[in-house]
Amino acid sequence: MKKSLIFLANYGVEFNPETILERGLGGSVTAIIYMAGELAKLGNDVVVFCKCNTPGNYDGVVYKDIGDFGSYIPGKSFDVMVVSRALDVFKKNLPSRLKILWTQDAYDQPFTQNLSDKNIQNGIDKIFTVGKWQTETIMKHFGISSEKFYTSRNGINREFYENNEYKRKVDRLVYTSTPFRGLDVLLDVFPDIRARVPDAELFIYSSMTVYGVSEEDDKKMYEHLYTKCNQPGVYLKGGIPQNILADELKRSYLMAYPNHFAETSCIAAIEAQAAGLPAVTSELGELSKTVLHNETGICIPGNSRSKDYQDRFVKEVVRLINNKEVWNVMSSNAHHRALEKYSWDVIAREWDEEFNRELEMICEPPDIVCENDNSKNKDIAVTPNRGIKANSPPTYLPFSKEETRETVISSVKNDEKTISLCMIVKDEEKSLTRCLDSVKDYVDEMIIVDTGSTDRTVEIAKSFGAKIFNHPWEGSFSKARNYSLKYATCDWILYLDADEELSKEDAPRLKEIVKDNNATVISFVIKNKFKDSTQESYANMIRLFKNFIGIYYEGIVHNNIIYSGKCLYSPLSIIHHGYNLTEDEMKKKFLRTTTLLKKQVKTDPNNPIPHQYLAVSYIGEKMYDEAITEGRRAIDIADNEGKGLNNFLVSYYVTSAAYFEKSKLEKSEAYALKSVEIDDKFLDGYCLLCFVYYNLKNYDSFLHNSDKYLALWNDISVNPERANNAHTIGHKWKIRLLRGFYYLLNSQDETGNKEIDSAINESTEIEECHNLLGNFYLENNCLDKAEKTFRKLLAINRNRTDTMIKMGRIRFQKGDLNETIHFWKKAVDAEPTLFDIRLLVCKINIVQGNLEEVVTECNQLLQILDINRNIVLESLTDLASLFNLIGEKLEEKHDVQAAETAFKICKDLEQIKLMDTERNADCGLRIADCE
């Protein structure tokens, strides 16, 4: 049965089917590519939405960028929608008969945690997993019925492995998983293997770049492991394309995988076995089902970081290298089992049958609209009244036959210009009252186009006497704005968004500025508020313009106003609250905005503006690589198209700021210097140069640019219309603080302290100001000043755990262990999962001999880590073992620092002799009793 299928794959790495042959990819991404391809071969229409910069049709599968998903699905319906790592979409009314979550993540991984949301669970018809262990643990952890699950498995590309006739190097081992799953153990034990097999080699095909991590960040994250690869017989190859990896596996002999990460399936092990490699690995998660013990490999129980495990691991590897007969049997079993059980074509046929079974239980399927359908979808254009077409610039015919412009004008004073407020809204009940209240006494009419509100928005607008016009959303802000313009009847039009308000000081001047004004448009200063209004940035935007002269908006988002004539740059200001949102609200706004911008890029590729706004969106989400890419694209296109680079200073600023955040100071400097070369009054450029030069310790340049910044800041504060763009208007206190640090470091204490006092007095982020100051004192060993500053910070916010931790460290350096414990206990009371601090408290109590306090802390650690607490401690040896258990659990949670602390305490305790009989009696109690 032919079906329409859509895959929604929310992964951070860009890919399409050709990527497999270009570079290494993670198992989940690989699975999406192959499964989609095999389902298409079975005659289905398949569309994949992912992070894809080269959309198109790949052997019958249509690939689209995930940013286009929201604009693609309206008006369409599908038989099956398979979603991976985008759980929130299940809260929506998805246009699919069968809605499937396909997850390869374990129950305790971040990408599965939203399964606790019952709204998401209710939106899912089936959960496809890749192994029984994964199914059972997710089912139990989230309380989901077994009927909702379909247990499948991962696979391999049969074509890569059918030919298994390669000459193998008998003593060549391979590791092909990510670094954090056991490479540390393998590098520790490989010298023992090589001591017994002198010609043994270890080829490592491992990298975090398969997850979209940059090579530079990959090296930073695992530098300790990659450095450890510099030992005899070890060859670090990084990530490679899958066809090349298949060839490398066929030349190898064993997969050495002392894993300590609970696998839900393990494509790496499947690939190795398909190449005829027995795997020596751990009995952990689904691995014992993927690798059959003594048939296709060896599965060793226990913690791979333990000595017993490692001894057996070395023994089994050496045994298989030396025993050709056993290896032959396992190799043959592994190869044939993988091709028969784990080929994607086999798995896809099973999926297709499962889809058919599920769909048969759903009555009356809707009409299918497929990407390959020959029929054309025609957009339903909503034509405004009086015959104005929605997809063209508005024609201004604002009155019906019963109305004339003259009759309206006669109702107001002949010498007073009238103003229409125009807006578009949808579900704005939270902010609309504030907006309309700010202008109600200064405009002559309110024109509001509603694009589908379901809350009290329309009711609120009517209470202010607004004229309401309903227009369905058509995927373009410009279209909606242009609809509102055509209804305006006054001489001038003021445009606001619902999350804005006209400043109280400037509102009375609105009528004054349009009187006897020969300008066509008037620019306002937009003051953007951030972080609960503690920060702000400035930008100039046209918000007031003459009516009846054909002005209109273009661009589907972050619209440009198209006009001809004179622009007046006024000091009048509009307060924008659109960035004072919750984290979830900001994410929704980001997705909506970037989706529309990407659509605009596709329809207008030579327009630099959407690239500039994409850069701004990305840096707001700390997506620095993407911000750099889009910022540079905007600059390059603007330069090639001969557009004024002065209009793209924001792109220079964003690119420079993103490079700064990535610690690429020289590149940050280059873009900031270019920005002030284009406009020597560009505040943001000087701000970034201050940050760059301070970090480079180029203090002469720092002082020069900070002087320029402060002078410009003073000018803009008096004449805000000169700001052009000033994202860093709120950073003055930071510049002052850095100047203070410079002077203190150069023994100019009086000047330095004045600068610091100015920073504190001017700061709108007083907590952050004290935090930075305290950190400076701490780094420069001024413990008394650091302590005084941090105490002030705790007086402002007594719940700052980071400050409590620093206070504990200061008191520790001063030798006051009781005060150290006091602050650190307060920190862990506020944040119970600060495992490293809890363990440091234990360490101090051990030094002080407070063993009962140590036991109490251990009890809390065991409870938080969900470890059995029914334990009797009879000696320090027992206590040491307990810390070793805690360390192992912390390693599973990838809390490396805390785990190392736990293991260090274990080693310290192991060096102490058993307690005497009296102490044994005191310590002989169950952990579970220590509440």
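This passage describes the strand architecture, aromatic contacts and cysteine environments of a predicted model.

An open sheet of 8 strands with mixed pairing follows the order E3-E4-E2-E1-E5-E6-E7-E8. Its edges are formed by strand E3 (56-58) and strand E8 (149-151), each of which pairs on one side only. Direction ignored, neighbouring strands in this sheet are turned against each other by 25 degrees on average. Within the sheet, strand E1 (residues 4-9) is joined to strand E5 (residues 78-84) in the parallel sense, over 5 bridges. In this pairing, Phe7 is placed opposite Val82 of E5. Helix H1 (residues 27-41) packs on the sheet and touches E1, strand E2 (45-50), strand E4 (61-65), E5 and strand E6 (96-102). The direction of helix H1 makes about 175 degrees with that of E1. Helix H14 (residues 344-360) also packs on the sheet, where E1, E5, E6, strand E7 (126-129) and E8 are touched. For helix H14, the angle with the direction of E6 is about 135 degrees. Phe7 is, in addition, a member of one aromatic cluster that further contains Trp102, Phe128, Tyr150, Trp351 and Phe355.

A further open sheet consists of 6 strands in the order E11-E10-E9-E12-E13-E14, and its pairing is parallel. Strand E11 (234-236) and strand E14 (297-300) are the edge strands, each pairing on one side only. From one strand to the next, the twist averages 25 degrees. Strand E9 (residues 172-175) pairs with strand E10 (residues 201-204) in the parallel sense over 4 bridges, and Leu202 in E10 is the bridge partner of Leu173. At the E14 edge, strand E13 (residues 279-282) runs parallel to E14 and is joined to it by 4 bridges. Here Ala279 stands opposite Gly297 in E14. In a regular strand, side chains alternate between the two faces of the sheet. Both faces of E14 are covered: Gly297 and Cys299 are buried on one side, as are Ile298 and Ile300 on the other.

Aromatic contacts were examined next. A search of the whole structure yields 33 aromatic pairs. One of them joins Tyr694 and Phe702, whose ring centres are 5.4 Å apart and whose planes lie at 65 degrees, so the pair is edge-to-face. Both partners count as buried: Tyr694 has a relative accessibility of 14%, and Phe702 has a relative accessibility of 0%. Tyr699 and Tyr742 form a tilted aromatic pair, with 5.3 Å from centre to centre and 45 degrees between the planes. This pair links distant parts of the chain, as Tyr699 belongs to helix H26 (residues 699-718) and Tyr742 to helix H27 (residues 732-745), 43 residues apart. Tyr699 and Tyr742 are both buried. Charged side chains are also placed over aromatic rings. Lys732 lies over the face of Trp713 at 4.0 Å from the ring centre. The charged end of Lys341 sits over the ring of Tyr342, 5.7 Å from the centre of that ring.

The structure holds 0 disulfides. For Cys229, the closest cysteine sulfur is that of Cys266, at 19 Å, which is too far for a bond. The sulfur of Cys266 has its closest cysteine sulfur in Cys299, and the separation of 10 Å is likewise too far for a bond. Cys229 is buried, with a relative accessible area of 4%, and Cys266 is buried as well, at 5%. Cys299, the closest partner of Cys266, is itself one of the buried residues of E14.

Cys769 is located in helix H29 (residues 766-779) and is buried, with a relative accessible area of 0%. Residues up to four places away in sequence not counted, Cys769 touches Trp733, Leu737, Ala759, Ile760 and Ser763. The C-alpha atoms of Cys769 and Ala759 are separated by 7.6 Å, the two residues being 10 residues apart along the chain.

Conventions
Residues numbered from 1 in each chain as written. Predicted model: local features only at pLDDT ≥ 70, side-chain atom pairs only at ≥ 80, totals over all residues. Heavy atoms only, no water. Phe/Tyr/Trp six-rings, centres within 6.5 Å; stacked < 30°, edge-to-face > 60°. Buried < 20%, exposed > 50% of the residue type's maximum accessible area, 1.4 Å probe, protein only. Helix = DSSP H or I, 4+ residues; strand = E, 2+ residues; numbered from the N terminus. Lys NZ or Arg CZ within 6 Å of the ring centre and 35° of its normal. Pairing = 2+ DSSP bridges. Axes fitted to C-alpha atoms, helices over the stretch in contact; angles between N-to-C directions. Disulfide = S-S within 2.5 Å. Contact = heavy atoms within 4.5 Å.
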